[in-house]
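I opened the model today to look up one helix and two chain contacts, and I noted each point as I went.

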Amino acid sequence: MDILSLFIIIPLLTITGIILVKDIRNVKKVAAIGMGIQLILAAVLIFLYVAERKGGNISEMLFIKDIVWFKSLNIHYAVGVDGISVAMIALTSIVVFAGIFASWEVELLTKEFFISLILLATGVFGFFISIDLFTLFLFYELAVIPMYLLIGIWGSGPKEYSAMKLTLMLMGASALLLVGILGIYMHSAPSGNQLTFNILEIKQYVIPITAQRTFFPFTFVGFGVLGALFPFHTWSPDGHSSAPTAVSMLHAGVLMKLGGYGAFRVAIYLMPEAAKELSWIFLILTSISVVYGAFGAIAQKDLKYINAYSSVSHCGLVLFAILMMNKTAMNGAVIQMISHGLMTALFFALIGMIYGRTHTRLINEMGGLMKVIPFLSVCYVIAGLASLGLPGLSGFVAEMTIFVGAFQHPDLFHRVVTIVAITSIVITAVYILRVIAILLLGPVTNPKYENFRDARWYEKTSVIALILPVAAIGMAPFWLSSTISSSMQPIIDKIMAINLF
Amino acid sequence: MINFSYSIWLLLIPLMMFFILGLAGHKLGPRLSGLLGTSGLAIITMLSFIIAYSYFFGTPKNGEGFKAIIAYNITWLQLIDNLHIDIGVLLDPISVMMLIVVSTVSFMVHIYSLGYMKGERGYERFFAFLSLFTFSMLGLVVAPNIFQMYIFWELVGISSYLLIGFYYQKPSAVAASKKAFIVTRFADLGFLIGILILSFYTKTFDFITLTDPSGPAIAKTGGATFMGLSVITWSMIFVYMGGVGKSAMFPFHIWLPDAMEGPTPVSALIHAATMVVAGVYLVARLFPVYVMASPQALHIIAYVGAFSSLFAAVIACTQTDIKRVLAYSTMSQIGYMMLALGVSGYGGHNGLGFMASMFHLFTHAMFKALLFLGAGAIIHAVHSNFMTDMGGLRKYLPITHITFLIACLSIAGVPLFAGFFSKDEILAAAFEHNKFLFAVEYAVAGLTAFYMFRLYFSIFWGKETQYHHTPHEAPLTMTIPLIILALGAALTGFIPFNKLVTSDGLPFESHLDWGVAVPSVIIGLLGITVAWAMYSKSSNLPDRVASAFRLGYKWAYNKFYMDELYLFITKKIIFRYISEPVAWFDRHIVDGTMNAIATVTQVTSFRIRKFQSGQIQQYAFVYISGVIFLVILLVYIWR
Amino acid sequence: MNTGIPIQYFLILATIMFFTGIYGFLTRRNLITILMSTELILNSVNINFMAFNRYLFPHKLDGMFFSLFIIAVAAAEAAVAISIIINIYRRFTTINVEDVDEMKY
């Protein structure tokens, strides 16, 4: 049994466990134990990975396992990880772990809820470990489908509408993606040779430029929709605001990262020439995303909408950095994915907890929460500060790596769009501080708030599990940065090989 | 060479204090937390003085002047092969001088706060934030590279935000903290862009490399230009923008008066003595680059400084909230420092302005912190911020009265007090380089003396107000810092800055320029006399003067409507004309398009579904027609 | 043997029957009549089978047997159809085909 497959097997075992459990009250305990094991496993994986690298193993992907499961089309179950996937797996297990605790109070159809949630997590884990495009796509779909049920059944507000919108837009994206992936497959080897879905094999061969031009937009937009690329981001505000807490966390925290991860692991890595030619279009779109999402967030009144637009802005920055196609910026993109994943999950968890007490998400109806629920409020402030890029928290590291990297681009156009993107840091400060001021500070507006209970133990577990890595990355970014950076090297080599600059 | 690597403890101790007080403060209880925070600062202050002594007097000079020493350096984040963010400690004359300023004032404020904040809710939190601020400010001061400076620059911004908004249940404090952070953040955007441009052309963040006269920033100025100015100049202008924001220069000064909503010790520490001079420090830090590679930027600095000092002095004459008067006075004095840097040259006597600026920074920290702490003691006694509620307090608050008077004399530039020496050096530097700015500064000197003594006379003299309960002198924890700072405000003028803190590290000769000093003293005394005539006894003279210059008074009283202008820009333009349209556009155009696609699909399908009518004969008809059609197709056409 | 009635006659008859059946199937509203039209169609096919069998392969009986099968199946089918019609009548109290249009959308 290789360690990577365990990441799929353990969630599946957890699901089986949940099905078998008789007492409904034990369901969440089983889920928590399962995901706790997953978290430990992620730590073990990091340890093994670092040990292996220390041992001098310099192959691009480690722990590779390859089983053919559909011979005639040469589809494999192929898994392997590099530093980037390891980091993303760690992120996912933290967020899922926190998500389980954040949904401790789910009453309706508890069993089914946790089954869907963990099924979603399975899809995400599978996505990050796959190096076979088809299997990757399969896991991607596996992650998207439970989302529909989770929002449609356990959501709030116009949940059917939002669930439908989200699923349809993501399905539309996966249609584009499928075209892109099949296009890559069709051109994955010189004519006459066996075609392949394996990323490591495809990258040995340069896909003809004409094919790249056709299929790069499909692939990039396909992944970009998931990463909230303007103008395909509108599923995000509605979806997030209707989704239950844990789903928002998982979705904004992890699922949106599938977009960024896929965009560079598949679109940029395999088709760098087309990426270089077409990057200017997408750079304009992503820098619009960054600024526009931030401006959009200022005018919102619903906490989840604010955070959803903020996610549009931050995830736009991920895609933006990826398109810069240099090591530092892409490095920053990965850190930003992790950082944003953690802090947005934190945000949504806290919003859920606040909503559970006040039963409203409209900021104008609340006020003065700092006095009545200090723990949650302080955590909210920390999340806000991380989001606006305060040094010492992860957001700063990510943003600065991206900005410095992007600004070193020799082309003037790239530097100009970088400056456009940088302006978002001010706008972010505006909307974050606006929310903090209205929501948390000032006098207590509603006398009923006085007898609120501050965070319960499971809420604290959830929140602290997210804050710790945010602070750790912010204070000592060197480890993460160098791990990612060394894994970025093959991708950079592939890009440099075409002599871009 | 002395090993200074222990200086990293300057950063570690307050950081540890922050975590201890922040995480475990409520367990420790207020008393212990306060003492812990203060004793941490005591250690830091001691360390700073040891460092200063061994740096200035312990190292052999060999006629080469003071060299910059990298006492500690680790790579914090590797960005590009040759570009990395380090965290370290750089010791050179200005950073060592700033260490003294920051640690001394911070220590005094800590002691003072023990008494001032007694019984407040969130006492532990207050000391935790003070530790955070001290950590950030020291990190900013000792930064060996511009990026570390930016990091700590942001951190002081957030500490300032947290401390201004300390009374978080007071809406005005919340609004003020938000305003302070956002305005400075906007300025920091310029700083960041400046750093990026600078690093793009020089490939370094390092101060020593940047300020090296043969280094990439200065020697390579012949490179790209934009709108007639070299890129280095542009980057330095952008960097200066950060300084404008942090140091509350026009037009980013609007946050400073509002920041007075914070507790008074905070105003003394952050918004008078240390953080607001960060902009001056930044310019001083990069001074060789400014002076050698971007003289145009230096001109901007001089004019912005001069304008701000005049602008703020005029407003200060009309305000009635004592903390706001002091805030505008701070802005005015920082304008002085900026001006001094702006008119300075490099090396030897040309660098007089640089030296004067640093000198003034030092003395100003002493007397302005003293003024604020004194104001705190007064507010503590009277429970009001407004000088209209005060009068005749000299009887009740003798220690505060004397120390306040010393500070006022010092800031007004009365001979032998610290402010006199430093201000005189600035005026001399201005006189040598730019007669126009020199004239402006003379006017400001008079105004300064006037508004400070207006404050002094209306608080301690004037008509005696009826107080609810008799004001009493502050406790010992508050008066001791006042006395120590008063000594500083009186005596620090005798420190030979021209031997210690100079633009190139070499000492130079400078003498008191009596031709400049005598008129400035006369102008100062004139201001004091006018203030005495108007405010020492209760009379209607001030009102008569105000109504004589009605329009001007009204404008100055309303701070030339800068707040309203900003409010217009932020509320009206950004919120109403950008954000809301963006939100609308997103909901109705972008999302509308998506919904329209869905609607079109749905409408089409509703149309199509009519084909399935349930009428079996229709189906049969279609089927048979199809068969016939196919038969015809197959038999006659396809054959 | 082959000198009797030419095959065309049979075929024309079958065609007329077939299209009469089709016409009836498409235009009649009464389900019973529609069933009768279906029978007409089936019988027209039977005629064709037998005619072709007789004229083209006189020594084989496949066509005849096929017709017999069709008759048997048609009988079964009629039984099923009538039971369906009865059920429809019970449900809708009508056997007008236009009123039986629940199976849509």
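Which residue follows helix 15 of chain A, and what is the sign of its phi? I kept in mind that this is a predicted model, and found that helix 15 of chain A is followed by G389(A), with a positive phi near 80°.

I then went back along the helix itself, which runs over residues 374-387 of chain A, and saw that its 14 residues reach 20 Å from the first C-alpha to the last, close to the 20 Å expected at 1.5 Å a residue. I looked up its burial next and noted that helix 15 of chain A is mostly covered, with 10 of its 14 residues buried; among them are L376(A), C379(A), Y380(A), I382(A) and L385(A), as well as G384(A) and S387(A).

Next entry: the contact of chains A and B. I found 40 residues of chain A in contact with 37 residues of chain B. On the side of chain A that touches chain B, the elements giving two or more residues include helix 11 (272-298), helix 16 (394-407), helix 18 (424-440) and helix 20 (478-497) of chain A. I recorded the classes on that side of chain A as 26 nonpolar, 13 polar and one charged.

Last entry: the contact of chains B and C. Here I noted that 10 residues of chain B are in contact with 10 residues of chain C, and that helix 26 (residues 616-638) of chain B gives the most to the side of chain B that touches chain C, with five residues. By class, I wrote down four nonpolar, five polar and one charged for that side of chain B.

How values were computed
Residues are numbered from 1 along each chain as its sequence is written. Chains are lettered from A and ligands numbered from 1 in the order in which they are written. This is a predicted model: local features need pLDDT of at least 70, side-chain atom pairs count only at pLDDT 80 or more; totals for chains, interfaces and linings use all residues. Helices (H or I, at least four residues) and strands (E, at least two) are DSSP runs, numbered from the N terminus. The expected span of a helix is 1.5 Å times one less than its number of residues. A residue is buried if 20 or more other C-beta atoms lie within 10 Å of its own, exposed if 12 or fewer, and partly exposed in between; C-beta atoms are placed from the backbone. Two residues are in contact if their C-beta atoms, placed from the backbone, lie within 7 Å. Ala, Val, Leu, Ile, Met, Phe, Trp, Tyr, Cys and Pro count as nonpolar, Asp, Glu, Lys and Arg as charged, and the others, Gly among them, as polar.
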